[in-house]
Each structure stands twice: as C-alpha cells, then as structure tokens.
Amino acid sequence: MKILIALHSCMDLGGIINHTEQLIGGLKDLGHTVHLKQLVWAIRANGQNRDGDFSLGPSGIPHHQGKGWNFPIQHRIPYRGAASLNSAKQILSQYDLIIWTVPVPPKNKDNEGNSDWPELYDLPSSVKQVAFVHDGNARNGAPHMMMIQDKLSGLAAVHACALNGSDFLTVPRALVLNPQKMPIRGVAAWTERAPGFVNMQTFKAWKHVHELIEAIAYMPKKDEGEYREVAGKGIEYQYMTSEDKCKEEYFHLDGRRFWQAAIENGMVHHDYWNTDEVEQWLQTARVLVDPSWSKKYAAVGGHWNRVVVDAMIHGAIPVATRMGMGSELFKAGENYVPIPEGGTDPQLYADIVLETGNMNETSARRYREANLELLPFFDRKNVAQKLLNLAFGALDGTEIRVGKTDPEIKKKFEDLMFNHYGVLV
C-alpha cells in the first residue's frame, strides 16, 4: 500500500517528530511504501536548508529534536491559490491512505486568511484519511478539526487525555499508542548502570522541568560516576537561565536562581539529544525523570510522554508524577516511581529521585519486569497495524468511540473559521 504521512507547517513539534519517524518505521516493517510530506500555504515552496546536527530516521529526511525536519523541496507541497491547490490535491490523490499527523493548520499569524486548506481533504473516496491527536488541547487548540471530521475514517489518540479531549468530534476514534522501536538486544543489568538520573524534554511550562531543577539543590554532593544530566531547551529554559528576566518563582529563598544552584550542585546541561543519544543515555542510566504534569490535562486523562516508554524499553526506571501518568495504563509503584507535583517539597523530590537511583537490584527487577509486559502495546509494528485497522474499519477488539457535537465548541469552530481563516461554515 502507498501511504502518505502529511503535516501542516507548525512550530514546536517535540515528540511528534519521534512519533512520526517510528510510525513510518512500523508501516515499513509491515511492507508498505511510506512518504512524509509537509503542506505549505504558499504558491511555491522551496526546500529547507537549516543548520544544525540533524539525524536520519525511517523517513529518510534529516530531523532535529528542536528544529523539526529539514524538508527537501520534493517533500513540501504548496497549496495557495487555485493552481497550487489543484496540484496539491493531485499529489494527495495518488495515495491509498493519508495519515494526518498535524491534521489542521495552526491558528497563527502565518495562516490568517488561509481559506484554501479545507479543500485539501476533498479527495476521491478511494483515498482513506485518518488523523492523529497528540495532546488534550483539541477543544481549545483545534476546534477547526470539525471542518474535516466528515473526511476522516478514523481518529487516533496517543494517550487517554487526547482520546477523551477529542470527544466533540463525531469521527470514530480509538487509543493508538505512541509507536516505539524495541531494542534488538538485551539491556544492561541494573548493577552496570550509573546512579543518579537523566532528563530530556522541551522546557514548556506544563513539563515542570523547573521542579526538578529546584530539587537538585537539595541533593547531597554528587558521587563519582553519578548522573545529573538534563537535556533540552525551550521558553522556560530561557527564563531559568536569564540574568535579568528569570521568573520570580525560579529563585530559591536565599536568592539563588534554581539553575545556578543546580549547576553548582552537579547538574550537567546538554542541548537537545538526538534519538541515538537518547538511547545511549537510557542504556546506561538507572533513572529517567519526567516531571510533567497539568491539572487541566489530568482532569481529562493520563498524558504520559513517549520518553517514559523509551526509558522502559532500555531498562531505566521512570520517576514521574501521578497527575501526568494517569491511571489508565501505568501504575505508580509498579511501572514508575511517583514524585510530588507542584514543587511543594523539593527535599522529598530530591530524596525520591536519588533513592530510586540507589534502589537494590531485587526492587529494580520488579519495575523492569512489570514494564516489559507493557512494551508490546507500544511496538511500532503493532501500533502501525492498529492504525491501519482503524483506517479501514477492521475490528481488532479495540474500543471505538464516537463523540457528540458540542454546541459551545461548534460556536468556537465557526468563529475561528470565519474570523481567522476567512471561511463561512
């Protein structure tokens, strides 16, 4: 089968990059031909030529964790104006299946007046279309998905928060977990790994990396060979490291910035790690700390990050928040070690992280064996097949949900389409 994974141009792709690369890998494992292309609201689209340390994955297109893909011209599809739009639709019509991984254009300034995009989905019935929801913010962030719901045969949600948060859409939807590449060899023994921790993510407010950074000052002097490795950047990184714009809440009571105190107590900061580097660190670390949590998202469902599963794959034990992990799939004290949310007790936070890294081998084995039982659900080949089953209506025992139109969201959708995109619906 000939499959296109399509995305609209947007910023801060984060985990969508890894998700897409591994989904392509899973589909290729199943024997399909898969292309990745970006939709661009322009009359013509040039190839990208960004600087940086780019990696290659299953898509064959260079990508960087912080910058996204470096798309060559043949992988960018312009669609502004009648001629470009018709040409774009001809390209899309060549595929048996289109997977929209960024399904609608973002509500940003670049797309003001973009009235062309809704027609992209008006394709022959022989072309199946499905879309992914990657977060729990669809109600506020993407009510315009209502514009395309009648064109989709399925909606795939990567976690419970995304599944529950898209209940205003009437397309059949199901939980289709993040696709992950499983190791081709065994993982290092617990006793061969470094104590301490690693952390890697984009510094967004709801990721709460600052709570981990704060807690590092409460840890004892770092032992030789111990990891205190933090990787990634983002807007909150800029605030934490700024000399004159650091947020008030990013200071200790003694006046020291969280960041400086952490550096002084052994934290090592790295730029974004590429996929190979993430795997290398997780193969030698005992602990992965994911400090993410959101009251808004948690009220909808668990919104676990794929890096937690990366840790499980490579034999590291996750330390994470109950609010972030939810209760639908992962169990605190069995699959991960829970840490408190809110930065209310940084000493307790520090103690939990270090105690996990110094856990005895018998206790660590219980976590690692419990996590091995979950990994087949995330295997990229299994996930790819589940997505195909959803797209083509094959029953495989997966729970299928169909939402109901919400009058409030519909009003937001209509206002957004008219006032931002210039489309009357």
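Two strands are taken to pair if DSSP finds at least two bridges between them, and by that rule strands β1 and β6 pair in the parallel sense, over 5 bridges. The model described here is a predicted one, and this report follows its sheet, the helices that pack on the sheet, its aromatic rings and two residues in helices.

**The sheet**

The sheet is open and is formed by 7 strands, which follow one another in the order β5-β2-β1-β6-β7-β8-β9 with parallel pairing. At its edges stand β5, residues 76-78, and β9, residues 173-175; each has a single partner strand, so one side of each is left without a neighbour in the sheet. On average, and with direction ignored, neighbouring strands of this sheet are turned by 30° against each other.

Strand β6 covers residues 97-102 and pairs in the parallel sense with strand β7, residues 128-133, over 4 bridges. Within this pairing I99 stands opposite V130 in β7, while I98 stands opposite Q129 of that strand. Towards β1, the bridge partner of A6 is W100 in β6. As for burial, 6 of the 6 residues of β6 are buried, so this strand is largely enclosed by the rest of the structure. In a regular strand the side chains alternate between the two faces of the sheet.

**Helices packed on the sheet and on each other**

Strand β6 is also a place where helices meet the sheet. Helix α2, made of residues 81-92, packs on the sheet and touches β1 (2-8), β5 and β6, and its direction makes about 140° with that of β5. Helix α14 packs on the sheet as well, touching β1, β6, β7, β8 (154-157) and β9, with a direction that makes about 125° with that of β7.

Two packed helices are described by the angle between their axes and the distance between the axes. For helix α1 (residues 15-29) and helix α14 (residues 380-392), the angle is about 80° and the axes are 8 Å apart. With that angle, α1 is roughly perpendicular to α14. On the α1 side the contact is made by Q22, L23, G25, G26, L27 and D29, which meet R380, K381, A384, L387 and L388 in α14. Sorted by character, the residues of this contact divide into 5 nonpolar, 3 polar and 3 charged.

**Aromatic rings**

The count of aromatic pairs in the model comes to 13. Two of these pairs are set out below.

| Ring pair | Distance between centres | Angle between planes | Arrangement |
|---|---|---|---|
| W100 and Y121 | 4.5 Å | 40° | tilted |
| Y250 and F258 | 6.3 Å | 40° | tilted |

The pair of W100 and Y121 links distant parts of the chain, since W100 belongs to strand β6 and Y121 to the loop between β6 and β7, with their positions 21 residues apart in sequence. Both W100 and Y121 are buried. These two residues are also members of one aromatic cluster, which is formed by W100, W117, Y121 and Y421. In the other pair of the table, Y250 is buried, having a relative accessible area of 3%, and F258 is buried with a relative accessible area of 3%.

**Two buried residues in helices**

Which residue of the aromatic cluster is in contact with L416? Leaving aside neighbours within four places in sequence, L416 is in contact with K107, P143, H144 and Y421, and Y421 is the one that belongs to the cluster. L416 has its place in helix α15, residues 407-419, and at 15% relative accessibility this residue counts as buried, because buried means under 20% relative accessible area. L416 and P143 are 273 residues apart in sequence, yet their C-alpha atoms are 8.1 Å apart in space.

Is I352, in helix α12, buried or exposed? At 16% relative accessibility I352 counts as buried, and the helix in which I352 lies, α12, runs over residues 346-357. With neighbours within four places in sequence left aside, I352 is in contact with V319, V337, P338, I339 and P340. Of these contacts, V337 is 15 residues apart from I352 along the chain, and the C-alpha atoms of the two are separated by 8.0 Å.

Note on methods:
Residues numbered from 1 in each chain as written. Predicted model: local features only at pLDDT ≥ 70, side-chain atom pairs only at ≥ 80, totals over all residues. Heavy atoms only, no water. Axes fitted to C-alpha atoms, helices over the stretch in contact; angles between N-to-C directions. Helix = DSSP H or I, 4+ residues; strand = E, 2+ residues; numbered from the N terminus. Parallel < 35°, antiparallel > 145°, perpendicular 65-115°, else oblique. Contact = heavy atoms within 4.5 Å. Nonpolar A, V, L, I, M, F, W, Y, C, P; charged D, E, K, R; others polar. Phe/Tyr/Trp six-rings, centres within 6.5 Å; stacked < 30°, edge-to-face > 60°. Buried < 20%, exposed > 50% of the residue type's maximum accessible area, 1.4 Å probe, protein only.
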